Amino acid sequence: IENPTEEDQITSECYSFTTSAPRGTPFSFILYGDNRTNIDRHEGVVRLMRETAETQPIRFIMNTGDLVTRGSPWDEWQDEFFEPVLPLLAEHPLYPVLGNHEGNHETWYEYMSLPNNESWYTFSYGDADFFGLNTSADMSPGSTQYEWFNQAVANSSATWRIAFFHHPPYSCVPSRKPGNRAVRENLVPIFRRPRAGEPDRVEVNLVLLGHDHLYGRGEVDGVHYVISGGGGASTYPAQPDQYNEVCVRTHHYCIVNVSDEAIVLEAIDLDDGEPVEPQPFELR
């Protein structure tokens, strides 16, 4: 607007944020995903996340994909995602990954400001390196994404190497078992390979996932997988198996605490505000 008047100007409230934590600094973040479609459930999850952020220093929000039902309509982005989560986003950075419902639409790249090409990227925080992947894109050996991830994770010197993306290689939903074949064939071999110079440790310690509208957790070949897809979309039937020892049909979010010694993760149920599991999951 040329020569704007006072009526043309929009001024927000004053907010604050915390910059990234260096190596050696413990930190906490919130994990959730699949918040699309049911706005009232998403608003309820956000309300509990805000309560958490008021009682402990949450550094950022991570979303495992399917932020909206369709990636193109402007009103769905506003109604299903931005309006409910705005109170959190005003003071906390967001690290999301593309789900199948975003459809790799251009609006993702207009709304998000992420590292690398915004489709897949990495960032460091405290003693962890995070690798956000796009499992709706080509991830086969020789593809741009595969080669980028293979090199990036091999170059990491962090205590913890955490991958996060949308489609679980091992599903909790009966109709989807055993899980996403492309992820199992292309990415899981990288996750579970012995760490260079540390043959007793795997390349990726923890993998954070969505797509299944529930909470799930398991360990396969030394790699720990956590499914957090209970952010608002209608929940799915849950069935534990040899890959996922815990599968719970619930709207929820997760609190993740990271230090040099351990990662501690606790899922919080929307309906009663209580932990989904009797004890937090701990990775050392």
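**Notes on the predicted model: strands, cores and charges**

1. In β14, N257 finds its bridge partner in V264. This is a predicted model, and the pairing belongs to a ladder of seven bridges between β13 and β14 (residues 263-269). The two strands run antiparallel. Four residues make up the hairpin connection from β13 to β14.

2. β13 also pairs with β1. That pairing is antiparallel too, with five bridges. Here F27 stands opposite V258 of β13. How much of β13 is buried? Six of its seven residues (252-258) are, so the strand is largely enclosed by the rest of the structure.

3. A second topic is the open sheet. Seven strands make it up, in the order β4-β5-β6-β9-β11-β10-β12, and the pairing is mixed. Which strands stand at the edges? They are β4 and β12 (246-248); each has a single partner strand, so one side of each lacks a neighbour in the sheet. On average, neighbouring strands are turned by 20° against each other, direction ignored.

4. Within that order, β10 and β11 are joined by six bridges and run antiparallel. V220 stands opposite V223 in β11. The loop between β10 (215-220) and β11 (223-228) holds D221. Check its backbone: phi of D221 is near 55°, a positive value in a residue other than glycine.

5. Helix α4 (residues 144-155) lies across three strands: β4, β5 (128-132) and β6. Its direction makes an angle of about 175° with β5.

6. The largest nonpolar core has 53 residues. Which of them touch the most other members? F29, F130 and L208 do. Leaving aside neighbours within four places in sequence, L208 contacts F29, L31, M62, T64, I162, A163, F164, F165, V226 and L265. Apart from this core lies another, of 28 residues; V188, I190, L209 and Y225 are among them.

7. D34 deserves a look. The residue sits in the loop between β1 (27-32) and α1 (39-55). D34 is buried, yet it has no salt bridge. How far away is the nearest side chain of opposite charge? That side chain is R36, at 5.1 Å. A salt bridge needs the nitrogen and the carboxyl oxygen within 4 Å, so a separation of 5.1 Å does not qualify.

8. What does D34 touch, not counting residues up to four places away in sequence? Its contacts include N63, T64 and D66, three histidines (H166, H211 and H213), and A233. Glycines are on the list as well: G65, G210, G229, G231 and G232. T64 is also a contact of L208.

9. Elsewhere the charges do pair. The structure holds 15 salt bridges. One of them joins E76 to R70, with the closest N and O atoms 2.5 Å apart. Are the partners buried or exposed? E76 is buried, at 10% relative accessible area, while R70 is partly exposed, at 48%.

10. Another bridge links E282 and R284, also at 2.5 Å from N to O. E282 counts as partly exposed, at 41% relative accessibility. R284 counts as exposed, at 65%.

11. E198 and R201 meet at 3.7 Å, N to O. Both partners are partly exposed: E198 has a relative accessible area of 30%, and R201 has 25%. There is also a network of salt bridges, which links R193, R195 and E203.

12. Two more backbone points. Where is the cis peptide bond? K177 and P178 are joined by it, with omega about 5°. P178 is placed in the loop between β6 (160-164) and α5 (181-186). E118 has a positive phi, near 70°, and is not a glycine. The loop between α3 (106-111) and β4 (121-125) contains E118. This residue is buried, with a relative accessible area of 15%.

Note on methods:
Residues numbered from 1 in each chain as written. Predicted model: local features only at pLDDT ≥ 70, side-chain atom pairs only at ≥ 80, totals over all residues. Heavy atoms only, no water. Buried < 20%, exposed > 50% of the residue type's maximum accessible area, 1.4 Å probe, protein only. Lys, Arg positive; Asp, Glu negative; His and termini not counted. Contact = heavy atoms within 4.5 Å. Pairing = 2+ DSSP bridges. Core = buried A, V, L, I, M, F, W, Y, C linked by side-chain atoms within 4.5 Å. Axes fitted to C-alpha atoms, helices over the stretch in contact; angles between N-to-C directions.
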